[in-house]
Amino acid sequence: MSTLERLLELPAAELKQSLNQASDLLVGALGADKIDIFLFDPGRNTLRALGTSKTPMGRRQRSLGLDIHPIANGGSITRVFTTGDPHITGHAEQEPDEVPGLVHELGVRSHIAARLVVDGERRGVVSAHSAAPEFFSEEDLRFLIAVTHWIGALTHRAELVEQVTSAAVAQGRRQAAEELITVLAHDLRNYLSPLMGRLGMLQYRAELDGRIDDLRDADRATDSVTRLGQLISDLLDVGRIEQGLFEIAPAPMDLVSLARDIAAALGTPGVEIRVEGPPELVVVADRDRLRQALENLVSNATKHSPPGKGVIIKLTSELIEGMEYAHVDVVDRGSGVPPEILPRIFDRFVTNGHASGIGLGLYLASRIAAAHGATLTVNSPPGSGATFRLSLPTSGPPVCGDEP
């Protein structure tokens, strides 16, 4: 059986295991002292031998740390990677820019190498070394180039398997976490009503006795329990959404009035919330759910707004393809959404690591928008704050049977 056929028969296992197996196949086919399959690490700007043959020279290379080649150090392997030109020499010791460790520590004399391309992308180098001078022929180099194409396919296949496996593990963990959170939320809610009742009694007694400090502490405790209740409601709503049990009750309502109520409720001395728009903007929507979505958006904006920099709720309307839409823009002047989380900003449990919360507010806002046949988008140029736009049809969400 040919080397290429054996390469094709290698199982799509973990990437490092697959490349080590490929290296062992090649070292026998070429009679080399060492085979390396280098992959480029862009974070460190290095080429790292992820696959190396189990030979004395291969083991010594790892013990000396010569399985990692910084691009800045140059050498024949780096040159093949950067230029794409294959390399062959029978006297590595005469190469002026060769890595000294290969020649003096490993005793390499003959060397052939070809660039590794994976799924059309430059990814690394496949190289063969021998301690014997003039060991490799031009035919060996052509063989290595041909085999490198197959190794590229093997690498791509192994990486796909790793991605699928990783995604499955992440999905399983996420489902388990969601089930646990939903159960805990149900249990916690059972304790809130008696707790709120006891706090109400403490407030009443403190007020009767004129204990101002105790009354203030009881008020703060009530506020904290109220916020806990809202968090539990959010967690339960996530469960309802995932189970397809999330419902809305649309009715005519004034968006401007709702925006003003939210601004009055969430504004603070450090962050003013200003409402801009027409005197009235009537839409058909579930007022309570829309309030929940907008409160999450505005609360998120106030968390990320520097002191003295206000938040704007801007309301407008627009005719799009014969249908009237209402737009609600929530604008903050913070540092903006980090680019690395921007594509996932509306996913569950996504936070930027600096604000409080568990990352459900924007997810719920996006799902409430979807239930209304609306869209929720974000525009956040680096360092220029963020604008979240809720756009919903003024006539209400589409009913079953409507054209999308």
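A contact is counted here where heavy atoms lie within 4.5 Å. By this criterion, in the predicted model, residues 24 or more positions apart account for 65% of the contacts in the chain that have a separation of 6 or more. The chain comprises 10 helices and 13 strands, and of its 404 residues 41% count as buried. The surface exposed by the chain amounts to about 21400 Å², of which carbon and sulfur atoms supply 53%.

On this surface, a negative patch is formed by Glu207, Asp217, Asp219 and Asp223. The element that gives the most to the negative patch is helix α7, spanning residues 212–242, with 3 residues. Asp223, one of the residues forming the patch, is found in helix α7. The relative accessibility of Asp223 is 42%, and this residue therefore counts as partly exposed, since that class lies between the limits of 20% for buried and 50% for exposed residues.

Burial was also examined in helix α10, which covers residues 361–371. Within this helix, Leu362, Tyr363, Leu364, Ala365 and Ser366 are buried, as are Ile368 and Ala369. In general, an α-helix has 3.6 residues a turn, so residues three or four places apart point the same way. Helix α10 is followed by Gly373, for which the phi angle is positive, with a value near 70°.

How values were computed:
Residues numbered from 1 in each chain as written. Predicted model: local features only at pLDDT ≥ 70, side-chain atom pairs only at ≥ 80, totals over all residues. Heavy atoms only, no water. Patch = residues over 30% accessible without salt bridge, like charges linked within 9 Å, V, L, I, M, F, W, Y side chains within 5 Å. Areas by Shrake-Rupley, 256 points an atom, 1.4 Å probe, with all protein chains shown as cover. Salt bridge = Lys/Arg side-chain N within 4 Å of Asp/Glu carboxyl O. Lys, Arg positive; Asp, Glu negative; His and termini not counted. Charge placed at Lys NZ, Arg CZ, Asp CG, Glu CD. Helix = DSSP H or I, 4+ residues; strand = E, 2+ residues; numbered from the N terminus. Buried < 20%, exposed > 50% of the residue type's maximum accessible area, 1.4 Å probe, protein only.
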